Amino acid sequence: MGQADALAAVPAGALGIEPLEEGEVLVPVRRSQDERWNTNLAAARQFHTREGHLRPARGHVEMIDGGGEGAQEAVKLGAFVDNSRRRAAKLSPERRAALDELNMRW
């Protein structure tokens, strides 16, 4: 029995999802730049609290609470920190101060 056959055997609605209506298009929710910043900063704070520094590896991914019941969100923290360093001159004073509070190494 293949995966498609197994899914076909599941009764409609059993997974708590409904099929799209004809012509309906699923569009991902776009997050604002401020929302993305706040998510990245929350991940940086969590990492700093746990590790005592803000020097994650470039490929480090930090899991934070996604807001739902036990939902987790993956944040590419290493890339965020690296990019923040590279773009330090373009960051607002408020954003620089928030990272300075975490002992950001510029």
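**Figure 1. Buried residues of helix 3.** In helix 3, the residues Leu77, Gly78, Ala79, Phe80, Val81, Asp82 and Ser84 are buried, in what is a predicted model. The helix is mostly covered, since seven of its ten residues fall in the buried class. The cover over these buried residues includes helix 2, strand 1 (62-65), strand 2 (72-75) and helix 4. One of the buried residues of helix 3 is Val81, and, once its neighbours within four places in sequence are left aside, Val81 is in contact with Leu54, Pro56 and Met104.

**Figure 2. Overall arrangement of the protein, as context for the close-up views.** The protein contains four helices and two strands, which follow the pattern α-α-β-β-α-α when read along the sequence. Of the 106 residues in the protein, 26% are buried. The accessible surface comes to about 8100 Å², and carbon and sulfur atoms account for 51% of that area. Among contacts with a separation of 6 or more, 37% are made by residues that stand 24 or more positions apart.

**Figure 3. The largest nonpolar core.** This core has 16 residues, and those with the most contacts inside it are Trp37, Leu41, Leu54, Leu77, Phe80, Val81 and Leu99. Helix 2 (33-51), helix 3 (77-86) and helix 4 (93-100) each contribute at least two residues to the core, and helix 2, with five residues, provides the largest share.

**Figure 4. The largest pocket and its lining.** The space in the largest pocket amounts to about 310 Å³. Its lining is formed by Gln33, Arg36, Trp37, Asn40, Ala79, Phe80, Asn83, Ser84, Arg87, Lys90, Leu91 and Arg95, and the elements that give two or more residues to this lining are helix 2 and helix 3. By residue class, the lining divides into four nonpolar, four polar and four charged residues. Trp37 and Phe80, which line the pocket, are also among the residues with the most contacts inside the largest nonpolar core.

**Figure 5. Surroundings of Asn40.** Asn40 lies in helix 2 and is one of the residues that line the largest pocket. Asn40 nevertheless counts as buried because its relative accessible area is 19%, which is under the 20% cut-off. When residues up to four places away in sequence are not counted, Asn40 touches Val75, Leu77 and Phe80; of these partners, Leu77 and Phe80 are themselves buried residues of helix 3.

**Figure 6. Packing of Leu102 in the segment after helix 4.** Leu102 is found in the segment that comes after helix 4, and it is buried, with a relative accessible area of 7%. Leaving aside neighbours within four places in sequence, Leu102 is in contact with Leu41, Ala44, Arg45, His48 and Leu54. One of these partners, Ala44, is 58 residues from Leu102 in sequence, while the two C-alpha atoms are 7.9 Å apart in space.

**Figure 7. Backbone of Asn103.** Asn103, like Leu102, is found in the segment after helix 4. Although Asn103 is not a glycine, its phi is positive, at about 60°. Asn103 counts as exposed because its relative accessibility is 55%, which is over the 50% cut-off, whereas Leu102 is buried.

Conventions
Residues are numbered from 1 along each chain as its sequence is written. This is a predicted model: local features need pLDDT of at least 70, side-chain atom pairs count only at pLDDT 80 or more; totals for chains, interfaces and linings use all residues. Side-chain values use heavy atoms; hydrogens and water are left out. Buried means under 20% relative accessible area, exposed over 50%, partly exposed in between (1.4 Å probe, protein chains only). Contact means heavy atoms within 4.5 Å. Accessible areas come from the Shrake-Rupley method with a 1.4 Å probe; for residues, only the protein chains shown count as cover. A nonpolar core is a set of buried Ala, Val, Leu, Ile, Met, Phe, Trp, Tyr and Cys residues joined through side-chain atoms within 4.5 Å. On a 1 Å grid over the protein atoms alone, a cavity is a set of points where a 1.4 Å probe fits but cannot get out, and a pocket is an open set with protein on both sides within 12 Å along at least five of seven lines; lining residues have an atom within 4 Å of a point. Grid points are joined across faces, edges and corners, and a volume is the space filled by probe spheres set on the points. Ala, Val, Leu, Ile, Met, Phe, Trp, Tyr, Cys and Pro count as nonpolar, Asp, Glu, Lys and Arg as charged, and the others, Gly among them, as polar.
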